[in-house]
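Reader: I should be grateful for a close look at one part of this structure, set in the context of the chain to which it belongs.

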Amino acid sequence: MNKKRYPMWLAVPGLLIYITIFVIPTFASFYFSMTTWNLKSSVFTGFENFISFFTMTSTRSALINTAIYATVTCSAKVILGLLIAQYVCSGIRTGNYLKIVVFFPTLLGNVVIGTAFQSVLDPGGIVNQALTGAGLPVVRFLTDKTIALATCCAIDIWKGLGTAVIIFVAGLSAIPRDYYEASAIDGATGRKNFTRITLPLIIPTINTVLTLSLIGGLRDYDLIYTLTGGGPGYSTEVIGSVVYKLFSRGSYGLATAGNVILFVIVSIIVFPLNSFVSKWEERL
Amino acid sequence: MKKFAAITLTAALVASLAGCSSSGTPGTTAAEGGAKTTEAAKETKGNETQGEQPSGKWDFSGITLNVAHSTTGDVSDAFDAQFAAFEELTGAKIEVEHLSSNADESENTLQVRAATGNLPDLWQTSIGAKLQNISPQDNIYDLSGQEWLSNIVDSYREIVTDKETGAVYVVPSTTSNVAGVFYNKKVYEDMGLEIPETWEEFLANCEKIKTGSEIDPCASPYNTPSGVQILFLAQYYYVQNENPDFAKQYTAKELELHESEAYMRGLTKMYDLWEKGYQCEDPLSLTFEDASVQLANGEAAMLVCRTNVMATVEELAPEGIDNIGFFPLPDKDNKSLGVATWMPPGWALNKNVPAEKEECALALMEFLTTGESIDAYCTKTTPTGAFMLNGVDLPDNVSTAVIEAQSWVDKASSPVMEYFSDIKGSNMATILQMVGTGDYTPDQAITEIEQDNAIDAQQKGIAGW
């Protein structure tokens with residue numbers, strides 16, 4: 001087995017593709033984030049773009065909103081996802097049907113969901129018709145700045161829950177039945193089973209869902225953008241939508257800087273979180 | 001068997017890749033498209049020989065032109081009618097590509113395609129200061145010297161001509177837009193209101209409507225970025241009236257926005273409407289379409305918008321067309337009344353158009369400036385402004401509001417600021433939304449507009465910023 005099975009040059013095509021479509025653009029974006037750039041020529045300006053980006057009023061709201069949005073959607077997906085998966089796997093007869101129902105919103109595109117909910121939640125839309133029919137006041141879900149972000153979070157949870165449930169279901173069914181049988185003999189009940197067997201064994205899955213939905217939440221913008229356009233005011237502006245608006249105004253350098261900042265934020269949060277959860281797993 | 005499948009798949013993949021890369025170059029598509037259409041073209045040519053009188057010189061069968069535009073609705077149909085007329089006349093084929101109807105987005109798409117050498121043969125472009133974004137000297141065919149340029153009215157030709165080189169870049173694609181107040185005549189009659197000539201009178205009218213009826217005095221469709229900006233942008237007539245060099249001096253950073261009283265009044269007007277409660281309950285949910293219908297039905301008394309609203313009314317509430325009248329956005333005194341205008345976007349021709357298509361593309365540009373093509377245009381939609389072409393009259397069925405608005409263009413008008421200065425921050429619409437819903441006072445708003453614009457100017461590398 002000392003002899004290598006494949007010569008090194010077999011890696012060349014893959015490496016080339018990887019370098020051209022990943023490595024070069026990444027480093028190019030680091031460079032362009034420090035320039036003013038009109039796609040043809042660029043002028044190096046050092047860290048000015050980063051300073052401009054953080055002095056914009058929209059960015060300050062965007063940073064806070066992104067943090068809230070990512071935390072809320074991600075924790076809801078983990079907690080609700082795990083609970084639903086547990087319920088679906090508990091041997092009830094409608095389990096498979098429920099899996100499909102929960103997963104269904106994932107099949108729809110973000111823009112489709114955004115546009116659909118925009119009309120459903122409109123002051124004259126069916127939700128408000130139902131509310132007024134029940135004698136309740138009209139709720140301006142998307143145009144009241146105190147609740148617009150919460151509405152976006154709720155829709156994103158509805159949409160992303162399916163993926164979380166499916167991953168959890170896979171994780172749960174991978175736990176050998178033997179443990180539960182053994183614990184049943186020892187007289188353990190549902191809650192003990194959950195905290196002592198299920199939870200420790202499902203932590204790698206929790207880690208996956210947590211990481212995926214956190215990254216998703218930090219980068220998300222298309223759903224929010226189609227729902228509210230970042231408004232009213234800056235109340236649902238997230239980093240993604242700020243970057244998008246800058247790109248479409250032709251401020252390519254500044255927009256790239258925004259993307260680099262987003263990249264750094266995602267890395268700073270996700271990698272430590274990942275290793276923290278792994279350590280937690282070891283302790284249990 | 002597996003091996004065979006793998007080889008076939010690889011071959012297919014390679015072939016499709018090759019297809020992808022070549023479809024980018026206009027030359028190949030032309031050849032392909034040409035081959036496909038020869039038969040159809042021959043047919044048209046056959047029954048054309050006797051019919052074509054003004055343009056017998058044109059025979060372009062086998063040539064396909066790619067045209068991209070960002071217009072939707074009736075006007076898009078009108079373009080199709082124009083292209084169909086051209087196809088019939090010349091045997092050429094025109095393939096239309098629809099870009100995003102969001103101006104910023106489609107502009108961005110074109111810029112990216114310009115940078116990567118993928119522009120279509122003809123495309124619709126914003127004009128004025130924005131035209132610079134696509135580096136016209138590198139990307140747009142210089143039309144100067146074409147004898148048919150005299151078809152275009154001087155005021156339009158002026159803003160699409162490079163002052164230094166004399167190059168002319170575009171021909172008008174649609175009609176001009178005039179901004180002002182559109183009002184429901186019936187409501188005005190019923191309530192015994194006079195047409196206001198100052199902002200105070202305007203507010204007084206609103207107050208009477210508010211207290212005397214259930215009608216919303218002023219529909220404010222702040223649901224979209226464009227709807228929320230019209231009133232503010234239309235104020236530019238008064239800004240340039242106060243200082244004719246405003247845009248130029250601002251671009252050169254010789255003045256600050258908050259120093260101009262007229263500029264500030266634009267924000268104050270929006271704030272007034274909110275503060276005094278003259279809008280509907282939730283302006284942020286009100287779409288432009290809904291507002292147009294409300295105006296036509298008399299559910300709202302007034303709407304500050306552009307003449308293109310009449311196309312929307314024609315489509316959605318045609319019975320209300322004659323109820324609608326027009327007056328200029330009032331300002332501080334009745335002597336200086338005037339309107340702001342939007343020049344029609346234009347058709348630009350790719351500078352690097354393949355040689356075999358050049359003649360055909362130029363012929364299409366010429367055709368688009370003729371009465372013949374305007375006739376085709378008017379079969380699909382009623383124009384809501386001037387075509388900016390010489391010798392083209394508006395058809396008889398144009399609404400009275402549009403005629404009234406057009407009469408102000410000759411009396412007192414100015415194109416809006418974007419034709420003179422491209423500085424505009426990415427948050428303008430959001431800031432105006434916040435003024436129009438009371439989150440910002442005009443003073444807070446102007447500080448933020450200035451900061452936002454400064455970042456935009458720096459990003460564009462404008463000298464002095």
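How many helices and strands make up the secondary structure of chain B? Please then concentrate on strand β7 of chain B and explain why it is described as largely enclosed by the rest of the structure.

Author: The model is a predicted one. In it, the secondary structure of chain B comprises 19 helices and eleven strands. Of the 465 residues in chain B, 48% are buried. Among the contacts in chain B with a separation of 6 or more, 78% are between residues 24 or more positions apart.

Strand β7 of chain B covers residues 300–306, and seven of its seven residues are buried, so the strand is largely enclosed by the rest of the structure. The criterion behind this statement is that a residue counts as buried if 20 or more other C-beta atoms lie within 10 Å of its own.

Two strands of chain B that pair with β7(B) may be described in turn. Strand β5 (residues 177–184) of chain B runs antiparallel to β7(B), and five bridges join the two. Within this pairing, B:Val181 has B:Val304 of β7(B) as its bridge partner. Strand β6 (residues 216–219) of chain B pairs with β7(B) in the parallel sense, over three bridges. Here B:Cys218 has its bridge partner in B:Met302 of β7(B).

The nonpolar surroundings complete this picture. The largest nonpolar core has 122 residues, and those that touch the most other members are B:Phe182, B:Ala234, B:Leu303 and B:Leu364. Helix α15 (residues 355–368) of chain B gives the largest share of this core, seven residues. At least three residues of the core come from each of domain 1 (25–175 + 343–378) and domain 2 (177–342 + 404–460) of chain B. Leaving aside residues up to four places away in sequence, B:Ala234 touches B:Val304, and also B:Ala179, B:Gly180, B:Leu329 and B:Ala340. A second, separate core of 54 residues includes A:Tyr69, A:Leu210, A:Phe247 and A:Leu262.

Helix α14 (residues 309–316) of chain B also belongs in this account. Its residues B:Val309, B:Met310, B:Ala311, B:Thr312 and B:Val313 are buried. The cover over the buried residues of α14(B) includes β5 and β7 of chain B, together with α3 (73–90), α13 (288–297), β8 (324–327) and α17 (400–411) of that chain.

B:Ile195 offers a contrasting environment. This residue lies in the loop between α7 (185–191) and α8 (199–212) of chain B. B:Ile195 is partly exposed, with 15 other C-beta atoms within 10 Å. From B:Ile195 to B:Phe326 the C-alpha to C-alpha separation is 9.4 Å, although 131 residues separate them in sequence.

Finally, the contact between the chains takes 23 residues from chain B and 26 residues from chain A. On the side of chain B that touches chain A, two or more residues come from each of α4 (103–115), α18 (428–436) and α19 (442–460) of chain B. The largest share, six residues, comes from α4(B). By type, that side of chain B divides into five nonpolar, twelve polar and six charged residues.

For chain A, an unreviewed UniProt entry places the feature "transmembrane region" at several spans, including residues 97–117 and 197–218. Residues 197–218 of chain A are 100% helix and 0% strand, with end C-alpha atoms 32 Å apart. Residues 97–117 of chain A are 71% helix and 0% strand, and the end C-alpha atoms are 24 Å apart.

Notes: Residues numbered from 1 in each chain as written. Chains lettered and ligands numbered in written order. Predicted model: local features only at pLDDT ≥ 70, side-chain atom pairs only at ≥ 80, totals over all residues. Contact = placed C-beta atoms within 7 Å. Helix = DSSP H or I, 4+ residues; strand = E, 2+ residues; numbered from the N terminus. Nonpolar A, V, L, I, M, F, W, Y, C, P; charged D, E, K, R; others polar. Buried ≥ 20, exposed ≤ 12 C-beta atoms within 10 Å, placed from the backbone. Pairing = 2+ DSSP bridges. Core = buried A, V, L, I, M, F, W, Y, C linked by C-beta atoms within 7 Å. Domains from an automatic or database assignment. UniProt positions renumbered as here; feature names shortened; annotations may be inferred.
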